[in-house]
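This report examines side-chain contacts, burial and internal space in a predicted model. Charged pairs are treated before aromatic rings, a helix and the cavities.

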Amino acid sequence: MPTLRQRFDALLPGHDFIDTDAAAVTAYLRRQGVLREKGFFKKAESVTVVEPLPGGNMNFVVRVRLDRPHAGFGDSLIVKQARPWVERYPDIAAPVERAKFEARYYSLVGAVPLLAAHSPQLIHQDAGNHILVLEDLGATADLSSLYRGFPLDTALHDGERLLPALVRYLSTLHVHFRENPPARPVVNKAMRQLNHEHIFDLPFRRDNGLDLDAYQPGLKAAFAKTCDPVLAKAAQRLGELYLDLRRNDTLLHGDFYPGSFLLDGGRHLYVIDPEFCFTGPAEFDFGVFAAHLYLSGNGARVAEARALYGHPLEEDLWRGFAGVEILRRIGGVAQLPLGEVNRVGLLATSRRLILGEA
């Protein structure tokens, strides 16, 4: 069986491949002009250590430590490469163009002060090799801890609570880019097609090969009973809306869930990994966020989040997207560490949301 490097070279011959070799990463960053070459009055900058970052899903991500601080980004930075597969599931092909769209998202939100304050700085984009160099946010943890009881009322560095801060980011994103649309729509068609398969298609296949009873006894039968033809048809209609390239309502993050939220030691909040971004219906972003409130045992806070959002949404549409997101996180590939949440019980919630019964 070929190694990942061999697969990469076969699929993208002649492209740079980032791994943990410090000398190779040093040479790459010098070629890109990110690190200084040796000059008459200056020493060359070098990488001392390359550390893979755990928890990555779509991309290969490393922290690069330098032998001396750089005026632009300190003594470390993040290098992120989109490879032709999903990093966590290398057997799933994925479009490398996602790096281009992630860079575009950071460039767009970087011009909006509130959004920029919650984003890493984009230091360098190497479009040809599908690589981004980003600000190192330091010691952070994603908010998968929400599934294990981390409180939404946690106070952040400025005293704002976590739930309002997340909703304020989302509403600012949507309102700003509805009123100031990007010069060109952010289409991201290939990533939407990949996401569509895993949200609106795969969970509804009876032969998808997923052992749901491994997560909770009886889940497979309950899931099959929930996903009857009526529900599958409603989900199909939602999927068609998700893929509709004519819906350019506003810029979306595209994957607004706890795995995309970071807190550092000072409780600064950051929103990362916008490779699924696109211009489309705001209801998709809000629906995904609402789904993860249910999935983390915070379903009682959904109405509060909707009130905090404060702007018009098609109520049936965001609820439908929320219901399908719950289904795919219970019956799809992208399983979550849901702790003590009753997955079978959540199936009834998802059905009510999709069919407009909630």
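## Side-chain contacts and enclosed space

Glu314 and Arg247 are joined through their side chains by a salt bridge, with an N to O distance of 4.0 Å. Glu314 belongs to the loop between α10 (302-309) and α11 (315-331), and Arg247 to the loop between α8 and β7 (250-252), so the contact ties together parts that are 67 residues apart in sequence. The partners are not equally accessible: Glu314 has a relative accessible area of 44% and is partly exposed, whereas Arg247, at 17%, is buried. The assignment of Arg247 follows because buried means under 20% relative accessible area.

In total, the model has 24 salt bridges. Three of them are set out below, each with its N to O distance.

| Acidic residue | Basic residue | N to O distance |
|---|---|---|
| Asp67 | Arg68 | 3.3 Å |
| Glu314 | Arg247 | 4.0 Å |
| Glu325 | Arg329 | 2.9 Å |

In the pair formed by Asp67 and Arg68, Asp67 is partly exposed at 35% relative accessibility, and Arg68 is likewise partly exposed, at 25%.

The salt bridge between Glu325 and Arg329 lies within helix α11, where the two residues are 4 positions apart, about one turn of the helix. Glu325 is buried, with a relative accessibility of 2%, and Arg329 is buried as well, at 4%. Elsewhere, Glu51, Arg63, Arg65 and Asp136 form one network through salt bridges that share partners.

Arg329 also takes part in a contact with an aromatic ring: the residue lies over the face of Tyr257, 4.5 Å from the ring centre. A contact of this kind is found between Arg83 and Phe60, where the charged end of the arginine sits over the ring at 4.0 Å from its centre.

Turning to contacts between rings, the whole structure contains 14 aromatic pairs. In one of these, the ring centres of Tyr242 and Phe278 are 5.3 Å apart and the planes stand at 80 degrees, so the arrangement is edge-to-face. This pair links distant parts of the chain, with Tyr242 in helix α8 (residues 229-243) and Phe278 in strand β10 (residues 278-280), 36 residues apart. Tyr242 and Phe278 are both buried. The two also belong to a cluster, linked by ring pairs, that includes Phe200, Phe284 and Phe321.

Helix α3 covers residues 98-109 and has 12 residues; the distance from its first C-alpha to its last is 17 Å, close to the 16 Å expected at 1.5 Å a residue. Of the 12 residues of α3, 9 are buried, so the helix is largely enclosed by the rest of the structure. Charged and aromatic side chains are both represented in the buried set, which includes Arg98, Glu102 and Arg104 as well as Phe101, Tyr105 and Tyr106. Ala99, Ala103 and Val109 are also buried.

The final topic is enclosed space. The model has 2 cavities of 30 Å³ or more, and the largest cavity holds about 40 Å³ of space. The lining of this largest cavity consists of Leu146, Leu152, Pro258, Phe261, Phe289, His292, Leu293 and Ser296. Helix α9 (residues 282-295) gives the most to that lining, contributing 3 residues.

How values were computed
Residues numbered from 1 in each chain as written. Predicted model: local features only at pLDDT ≥ 70, side-chain atom pairs only at ≥ 80, totals over all residues. Heavy atoms only, no water. Expected span 1.5 Å × (residues − 1). Buried < 20%, exposed > 50% of the residue type's maximum accessible area, 1.4 Å probe, protein only. Phe/Tyr/Trp six-rings, centres within 6.5 Å; stacked < 30°, edge-to-face > 60°. Lys NZ or Arg CZ within 6 Å of the ring centre and 35° of its normal. 1 Å grid on protein atoms, 1.4 Å probe; cavity = no way out; pocket = protein on both sides within 12 Å on 5 of 7 lines; lining within 4 Å. Points joined across faces, edges and corners; volume = space filled by probe spheres on them.
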